[in-house]
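Student: I have a new model open on my screen and would like to walk through it with you. Could we take it one question at a time?

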Amino acid sequence: MAGKRGLIMGVANQRSIAWGVAEACAEAGAELAFTFQGEALEKRVRPLAASLGSEIVLPCDVSDSDSIDAVFREVDAKWGRLDFLLHAIAYSDKTELTGRYVDTSAANFALSMNISCYSFTAIAQRAEKLMTDGGAMLTLTYYGAEKVMPHYNVMGVAKAALEASVRYMAMDLGPRNIRVNALSAGPMKTLAASGIGDFRYILKWNELNSPLRRNVSQEDVGKAGFYLLSDLSSGVTGECHHVDCGYHVVGMKAEDAPDI
Ligand code: NAD
């Protein structure tokens, strides 16, 4: 990735999925810019960005279009072009990430959709203009988009819309040699995941029932993110790539069957 420039959106701390992907891209020689959401996270993101030699570290709240515009103005002024983009951003009111989906409020439905789904489209609109020599865009999703997972609720609906938006944007941007993909990560202990009810149980379930009999590591996801953002995946677009130790292929595990 030497000579490539990428914008990483969604690092909150060193446990963030975005950080794992950033480290893998930096190790391969990419130059990176970072955004952070608010002052509290700035304190965490600045030192991390500095550790990879990044000189562009900007505030961005994706619910504010002026804030998104400001990021892309700055990236344009400093770099003049962009080769890849990582969107690792999601939000929902955590009081609705427990209990039943059917009880979701209209306000939190709109908020979750805006931040967890539309923001990728909003960012892609700006990034497209800077990807003058082709490019790669990647977002993060979860199996709760495809199947019902406990307490994932409105976030599952938002991720399903996000995955559909990946396919539409792949078609729209393909003629400009811009690829758009999603990485569906298995459950990982991060700040965002701590808001999901019974998350430790979900982690344990995945560990016991996935083909690899373990949970994914930040490195697993980082390396796959690097693949999807680099030329290694030059023929791949519109894809939702699972990095979940194989959990999504399992219907039922045989070895636990009781005698009946
Ligand atoms: P994280 O808490 O480290 O990252 C979430 C990021 O979203 C944070 O950096 C936060 O600042 C950002 N964000 C939220 N609202 C924002 C806003 N209005 N403006 C700008 N940024 C905002 O957690 P993570 O698990 O690394 O999450 C990254 C992505 O991975 C999310 O899309 C999440 O849904 C997805 N994902 C997580 C898991 C998991 O188990 N942790 C599994 C699959 C997919």
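Student: Which residue of β2 does L7 stand opposite?

Tutor: Happy to start there, and do keep in mind that this is a predicted model. β1 covers residues 5-9, and five bridges join it in parallel to β2, residues 31-36. Across that pairing, the partner standing opposite L7 is A33.

Student: Which residue of β4 stands opposite L7?

Tutor: β1 also pairs with β4, which spans residues 84-87. That pairing is parallel and has four bridges. In β4, the residue opposite L7 is L85.

Student: Is β1 buried or exposed?

Tutor: Let's look at where its side chains point. R5, L7 and M9 point one way, while G6 and I8 point the other way. Five of the five residues of β1 meet the burial criterion, so the strand is largely enclosed by the rest of the structure. The word you want for β1 is buried.

Student: What handedness does the unit of β1, α1 and β2 have?

Tutor: The two strands in this unit, β1 and β2, run parallel. The helix α1 belongs to the unit together with them. The β-α-β unit they make is right-handed.

Student: How many of the 11 residues of α1 are buried?

Tutor: This helix is mostly covered. Its buried residues include I17, W19, V21 and E23. Just after α1, by the way, G29 takes a positive phi of about 100°. For the helix itself, the count of buried residues is 10.

Student: Which elements give two or more residues to the shell around the ligand?

Tutor: Of the 27 residues around the ligand, S16, L140, T190, L191 and A192 come nearest. Contributing two or more residues to this shell are α1 (17-27) and β5 (135-141).

Student: How many residues of that shell are nonpolar?

Tutor: We can sort the shell by residue type. Six of its residues are polar and one is charged. The nonpolar residues number 20.

Student: What is the radius of gyration of the protein chain?

Tutor: First, the overall layout: the chain has seven helices and seven strands, and its C-alpha trace spans about 70 × 40 × 35 Å along the principal axes. Of the contacts with a separation of 6 or more, 73% link residues 24 or more positions apart. A compact globule of 260 residues would have a radius of gyration near 18 Å, and the chain agrees with that, at 18 Å.

Key. Residues numbered from 1 in each chain as written. Predicted model: local features only at pLDDT ≥ 70, side-chain atom pairs only at ≥ 80, totals over all residues. Near = placed C-beta within 6 Å. Nonpolar A, V, L, I, M, F, W, Y, C, P; charged D, E, K, R; others polar. Buried ≥ 20, exposed ≤ 12 C-beta atoms within 10 Å, placed from the backbone. Rg over C-alpha atoms; globule rule 2.2 N^0.38 Å. Contact = placed C-beta atoms within 7 Å. Pairing = 2+ DSSP bridges. Right-handed = clockwise from strand over helix to strand, strands pointing away.
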